[in-house]
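Me: Hi! I'd like to get to know this protein a bit better. Could you walk me through it?

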Amino acid sequence: MRAVRCKGREVRVVELPKPSGPGVRVRVATAGVCGSDLHMLGQVQGVTLGHEIAGVTDDGTPVAVEPMSPCGRCEPCRAGDYNLCVDGAAMFHGVGRDGGMADEMLVPARALVPLPSGLPLRDASLVEPLAVMVYALRRAGLRASQRVAVVGGGTIGLCAVAAVRASGAEVALVARYDAQRAAGERLGATQVSGQYDLVVEAAGSESALAQAVELAKPGGKVSIPGIYWQPVNMPGLAM
């Protein structure tokens, strides 16, 4: 089968044997390219990339995939906090084990999320980043009465815009590229103006974090759902 792997920092489509062993087989229909995939170029070797995945099982069920295979035995797993499994990066598909940029993959049955009828498979790889953003907004205590700003117009940022609008709250978007701003407008985002109750930092950079703090009103919140790939300075008093 075909699979996407790195050799050094070069991305290649290679031929591999079909996966075998325990797990449920998923014939991959679509796999998203996350910003973290780009950061991991040259760092992830010997495994297939991709953790935003949707496909079809052997019995014809369309599914999205939660890209984790935790051990199930450690203390966090037994407590239900399997995202904190002691296996760390080794449990994440597309990072420490084969991911979804391939014709097929094997995952635990618990990782399968059946898709509702009518949801196109070509769009279903967005289930994973959208779930990340919905959870982050829930943790931030999003309310429909709030003003929300999103800094960053990539996949996570646009998922944030969609989720905020679905809640009924007002949302503005700061994006680097015209295409991102246009997509944000189609999802209901406006341009930033004033200060906000909640600011989502979805770009993963020190400058975006500083801007997010500037946009937050006194007593406001900044949600940081992304990953920083190098040390950043936390903003102090905004003057």
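Me: Let's start with valine 222: does it count as buried, partly exposed or exposed, and why?
Reply: Happy to help! One thing to keep in mind is that this is a predicted model. Valine 222 counts as partly exposed, because its relative accessibility is 31%.

Me: And where does valine 222 lie?
Reply: You'll find valine 222 in strand S11, which covers residues 216-223.

Me: Which residues make a nonpolar surface patch with Val222?
Reply: Ile224 and Met234 join Val222 there, and the nonpolar patch they make has an area of about 260 Å².

Me: Cool. New topic: what is the strand order in the open sheet?
Reply: The order is S6-S3-S4-S5-S7, so to speak from one edge to the other, with S6 and S7 at the edges. That open sheet has 5 strands, and their pairing is antiparallel.

Me: Why is one side of S6 and of S7 left without a neighbour?
Reply: Strand S6 (104-107) and strand S7 (112-114) each have a single partner strand, so one side of each has no neighbour in the sheet. As for the twist, it averages 45° from one strand to the next.

Me: How many bridges are there between S5 and S7?
Reply: There are 3 bridges between S7 and strand S5 (residues 62-65), and the two pair in the antiparallel sense. Alanine 64, for instance, has valine 113 in S7 as its bridge partner.

Me: What holds strands together in general?
Reply: Strands of a sheet pair through backbone hydrogen bonds, in either a parallel or an antiparallel way.

Me: Now S1 and S2. How many residues sit between them in the hairpin?
Reply: Just 2 residues, and glycine 8 in the turn has a positive phi of about 65°. Strand S1 (residues 2-7) runs antiparallel to strand S2 (residues 10-15), and 6 bridges join them. In one of these pairs, alanine 3 is matched with valine 14 in S2.

Me: Last one: is glutamine 180 buried or exposed?
Reply: Glutamine 180 is buried, because its relative accessible area is 19%, and buried means under 20%. The residue belongs to helix H5 (residues 178-186).

Me: What is glutamine 180 in contact with?
Reply: Leaving aside neighbours within four places in sequence, glutamine 180 is in contact with Gly153, Gly154, Leu158, Leu173 and Ala175.

Note on methods. Residues are numbered from 1 along each chain as its sequence is written. This is a predicted model: local features need pLDDT of at least 70, side-chain atom pairs count only at pLDDT 80 or more; totals for chains, interfaces and linings use all residues. Side-chain values use heavy atoms; hydrogens and water are left out. Two strands pair if DSSP finds at least two bridges between them. Helices (H or I, at least four residues) and strands (E, at least two) are DSSP runs, numbered from the N terminus. Axes are lines fitted to C-alpha atoms, for helices over the stretch in contact, and angles run from 0 to 180 degrees between N-to-C directions. Patches are made of residues with over 30% relative accessible area and no salt bridge: like charges are joined within 9 Å, nonpolar side chains (Val, Leu, Ile, Met, Phe, Trp, Tyr) within 5 Å. Accessible areas come from the Shrake-Rupley method with a 1.4 Å probe; for residues, only the protein chains shown count as cover. A salt bridge is a side-chain nitrogen of Lys or Arg within 4 Å of a carboxyl oxygen of Asp or Glu. Buried means under 20% relative accessible area, exposed over 50%, partly exposed in between (1.4 Å probe, protein chains only). Contact means heavy atoms within 4.5 Å.
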